[in-house]
Amino acid sequence: MPSIGIFFGTDTGRTRLLAKQIAKKLGDAVAAPVNIGRTTLTDFLAHDRLILGSPTLGAGELPGLSTGLNQPSWEEFLPQLAGADLRGKIVAIFGLGDQKKYPDEFVDAIGLIHDVVLAAGATVIGRWPVDGYEFNISQAVDGDEFLGLAIDQINQPLLTEERVERWLAQISPELLR
C-alpha cells in the first residue's frame, strides 16, 4: 500500500475532485483518495502520512449525517480518532469554503480536523497564509496563517491550481521522505 493516504469528506463533490487532483500531482506515492465515510479506522491508521480534506458546511460544520448527507463523513469519523494514537504520523489538511457567503465560518473544517489529529499526537504540516482571502473569522486561522490549505472554488476558482501547486511543493518534502 502506498505510504500516503488521502481521505476526504464531501457534499457537492468539489472536495473529492480536489483530492483526486492532489493525488494525481503526487503520483505513485499516494493511494487513491477515499471518502472518509467509506473507510475504517484500521485502513486510515495504516498510513504514516495523511492528507485530509473537507468542506465546511453551513455555520462552520463538518459534513455528516446531521448536515443532511446520506452517508457518514467527518462528523462521524473524527470521534473515532479521540482514542487513536497518531504519534509518528504526518498530516496535511485542506479545506473548501465560501468566504463571501460564510465569512464567519470560512474553512472552519480545517481547524476542527486539525485540533482532533493534533490532540491524538499527529504532526500537522502545511500551514497556509491568509493573504489573498477576504473573510471575517475562521477556526482554521492561527495568527496570520490557516492551519492548512484554504480553497474557495466558488469565489476564487482561478487561484486553486496555483495554490495547490505551491502547497504541495511546501509539504512534499515531509510527505515523501
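The turns below ask why parts of this predicted model are described as they are.

Author: This is a predicted model, in which local features need pLDDT of at least 70 and side-chain atom pairs count only at pLDDT 80 or more, while totals for chains, interfaces and linings use all residues. Residues are numbered from 1 along each chain as its sequence is written, and side-chain values use heavy atoms, with hydrogens and water left out.

Reader: What makes a stretch of the chain a helix or a strand, and how many of each are there?
Author: Helices (H or I, at least four residues) and strands (E, at least two) are DSSP runs, numbered from the N terminus. By that rule the protein chain has 5 helices and 9 strands. Read from the N terminus on, their order is β-α-β-α-β-α-β-α-β-β-β-β-β-α.

Reader: Why does the radius of gyration of the protein chain agree with that of a compact globule?
Author: The radius is taken over C-alpha atoms, and the globule rule is 2.2 Å times the number of residues to the power 0.38. For 177 residues the rule gives a value near 16 Å, and the protein chain has 15 Å, so the two agree. Along the principal axes, the C-alpha atoms fill a box of roughly 40 × 35 × 30 Å.

Reader: Why does leucine 52 count as buried?
Author: Buried means under 20% relative accessible area, exposed over 50%, and partly exposed in between (1.4 Å probe, protein chains only). Leucine 52 has 0% relative accessibility, and therefore counts as buried. Its place is in strand E3. Of the 177 residues of the protein chain, 49% count as buried.

Reader: Which residues is leucine 52 in contact with, leaving aside its neighbours within four places in sequence?
Author: Contact means heavy atoms within 4.5 Å. On that basis the partners of leucine 52 include Phe7, Phe44, Trp74, Val91 and Ile113. Isoleucine 51, with the neighbours within four places again set aside, touches Ile4, Ile22, Phe94 and Trp167, among others. In the protein chain, among contacts between residues at least 6 apart in sequence, 72% join residues at least 24 apart.

Reader: What makes strand E4 mostly covered?
Author: E4 spans residues 90-96, and 7 of its 7 residues are buried. In a regular strand the side chains alternate between the two faces of the sheet. Ile90, Ala92, Phe94 and Leu96 are buried on one side of E4, and Val91, Ile93 and Gly95 are buried on the other.

Reader: How do you know that E3 and E4 pair, and how many bridges join them?
Author: Two strands pair if DSSP finds at least two bridges between them. E3 (residues 49-55) and E4 are joined by 7 bridges and run parallel. One of the partnerships is that of proline 55 with leucine 96 in E4. From E3 the chain passes through helix H3 (residues 74-81) to E4, in a right-handed β-α-β crossover. Right-handed here means that, with the strands pointing away from the viewer, the path from the first strand over the helix to the second runs clockwise.

Reader: Which other strands pair with E4?
Author: Strand E5 (residues 123-125) pairs with E4 in the parallel sense over 3 bridges, and isoleucine 90 stands opposite threonine 123 in E5. The crossover from E4 through helix H4 (residues 108-119) to E5 is a right-handed β-α-β one. Strand E9 (residues 149-151) is also parallel to E4, over 3 bridges, with phenylalanine 94 opposite leucine 149 in E9.

Reader: What makes a set of residues a nonpolar core, and which members of the largest one touch the most others?
Author: Such a core is a set of buried Ala, Val, Leu, Ile, Met, Phe, Trp, Tyr and Cys residues joined through side-chain atoms within 4.5 Å. The largest one has 51 residues, of which Ile22, Ile51, Trp74 and Trp167 touch the most other members. Elements that each supply at least two residues include strand E1 (4-8), helix H1 (14-26) and helix H5 (160-176). E4 gives the most, with 6 residues.

Reader: Why do E6 and E7 stand at the edges of their sheet?
Author: The sheet is open, has 3 strands in the order E6-E8-E7, and its pairing is antiparallel. E6 (128-129) and E7 (141-142) each have a single partner strand, so one side of each is left without a neighbour in the sheet. E7 and E8 (residues 145-146) are joined by 2 bridges, and valine 141 is opposite phenylalanine 146 in E8.
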